[in-house]
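Me: Please take a close look at one part of this model: the packing around its main core. Walk me through it contact by contact.

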Amino acid sequence: MDAPEPENTPFAAVSAQTSKLGRMYQSYLDKSTPYTTYRWIGTTVLLALFFVRIVIAQGWYIVCYSLGIYLLNLFLAFLQPKIDPSLTQDEGLEDGDAGSSLPTKKDEEFRPFIRRLPEFKFWHSATRAIAISFLCTWFGIFNVPVFWPVLVVYFLILFSLTMRRQIQHMIKYRYVPFSFGKAKYNQRSGH
């Protein structure tokens, strides 16, 4: 009966609208979760629009470089296991969490590959970063004059060295972060 009256301040109204928009946004994200292919097609189209904008405008190379570095960082987190086997081996049994590492021998029990960055979070972060970068290309303050061939060469060197290190790590600890290329077994029927 004596419940406090809701405040009708401007801050409360803005907070209520922000909360409502946040719930709507999360609802659309939840609905898009099963449509992996379509989500990535949309992200690829957005990335293509961003590149077209960069080429036509002949500027904002530092924004493009920053986006490339960020996407590389996301991709590396997507490729890595949640629990790094090199750190687990170095620590030994100190933590008492020896059962959470990837199997390295044939007689060890199979443990599924759990990514450090799940696919949906990878997609969401990449799409958000591309959209923000695309938005930045419409403001002159972000158009910092740089000699773009240097950025391209530096990015390619960074990409090749980083991926080489990651592939060596995958080979050394025998994990494949993708489902293709893995052995598939037929299920026996009638048992």
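Reply: One definition first. A helix axis here is a line fitted to C-alpha atoms over the stretch in contact, and the angle between two axes is taken between their N-to-C directions, from 0 to 180 degrees.

The model is predicted. Its chain holds six helices and zero strands. From the N terminus on, the order is α-α-α-α-α-α. The chain has 191 residues, and 27% of them are buried. Take the contacts between residues at least 6 apart in sequence: 80% of these join residues at least 24 apart.

Start with the first pair that needs those axes. Helix α1 covers residues 10–32, and helix α5 covers residues 119–136. Their axes come within 12 Å and cross at roughly 130 degrees. That angle makes α1 oblique to α5, because an angle must be over 145 degrees to count as roughly antiparallel. The crossing of α1 and α5 is right-handed. On the α1 side, the contact uses Y25, L29 and S32. On the α5 side, it uses F120, W123 and H124. By class, the residues of this contact are four nonpolar, two polar and no charged.

Now the core itself. The largest nonpolar core has eleven residues: F50, I54, W60, Y61, V63, Y65, L67, A129, I130, C136 and L151. Three helices each supply at least two of these residues: α2 (36–57), α3 (61–79) and α5. The largest share comes from α3, with four residues. A second, separate core has ten residues, among them L74, L76, L79 and F122. For background, nonpolar side chains in soluble globular proteins tend to be buried together.

Which residues does L67 touch, beyond those up to four places away in sequence? They are L47, F50, A129, I130 and S133. Among these, F50, A129 and I130 are listed with L67 in the largest core. L67 also takes part in two helix contacts. It meets α2, and it belongs to the contact of α3 with α5.

Take the α2 side. The axes of α2 and α3 are 10 Å apart, and the helices pack at about 150 degrees. That makes α2 roughly antiparallel to α3. Their crossing is left-handed. From α2 come L47, F50, F51 and I54; from α3 come Y61, V63, C64 and L67. The residues of this contact are eight nonpolar, no polar and no charged. Several names return from the core list, including F50, I54, Y61 and V63.

The loop between α2 and α3 deserves a stop. Q58 is found there, and so is W60. Phi of Q58 is near 50 degrees, positive although the residue is not glycine. Phi of W60 is near 60 degrees, again a positive value in a residue other than glycine. Are these two loop residues buried or exposed? Q58 counts as exposed, at 54% relative accessibility, because the exposed class begins over 50%. W60 is buried, with a relative accessible area of 9%. W60 is also one of the residues of the largest core.

Now the α5 side. The axes of α3 and α5 are 10 Å apart, with an angle of about 180 degrees. The two helices are therefore roughly antiparallel to each other. From α3, the contact takes V63, L67, Y70, L71, L74, F75 and F78. From α5, it takes E119, F122, S125, A126, A129, I130, S133 and C136. The residues of this contact are twelve nonpolar, two polar and one charged. Both cores are represented in it. V63, L67, A129, I130 and C136 are among the residues of the largest core. L74 and F122 are among those of the second.

S125 is a polar residue in this contact worth a look of its own. It lies in helix α5. S125 is buried, with a relative accessible area of 13%, because buried means under 20%. Leaving aside neighbours within four places in sequence, S125 is in contact with Y70 and L74. L74 is one of the residues of the second core.

To trace this part in the viewer, begin at L67. Follow its contacts to L47 and F50, then to A129, I130 and S133. Next, find W60 in the loop between α2 and α3. End at S125 in α5, with its contacts to Y70 and L74.

Definitions and conventions
Residues numbered from 1 in each chain as written. Predicted model: local features only at pLDDT ≥ 70, side-chain atom pairs only at ≥ 80, totals over all residues. Heavy atoms only, no water. Parallel < 35°, antiparallel > 145°, perpendicular 65-115°, else oblique. Left-handed = near helix turned anticlockwise from the far one by under 90°. Contact = heavy atoms within 4.5 Å. Core = buried A, V, L, I, M, F, W, Y, C linked by side-chain atoms within 4.5 Å. Buried < 20%, exposed > 50% of the residue type's maximum accessible area, 1.4 Å probe, protein only.
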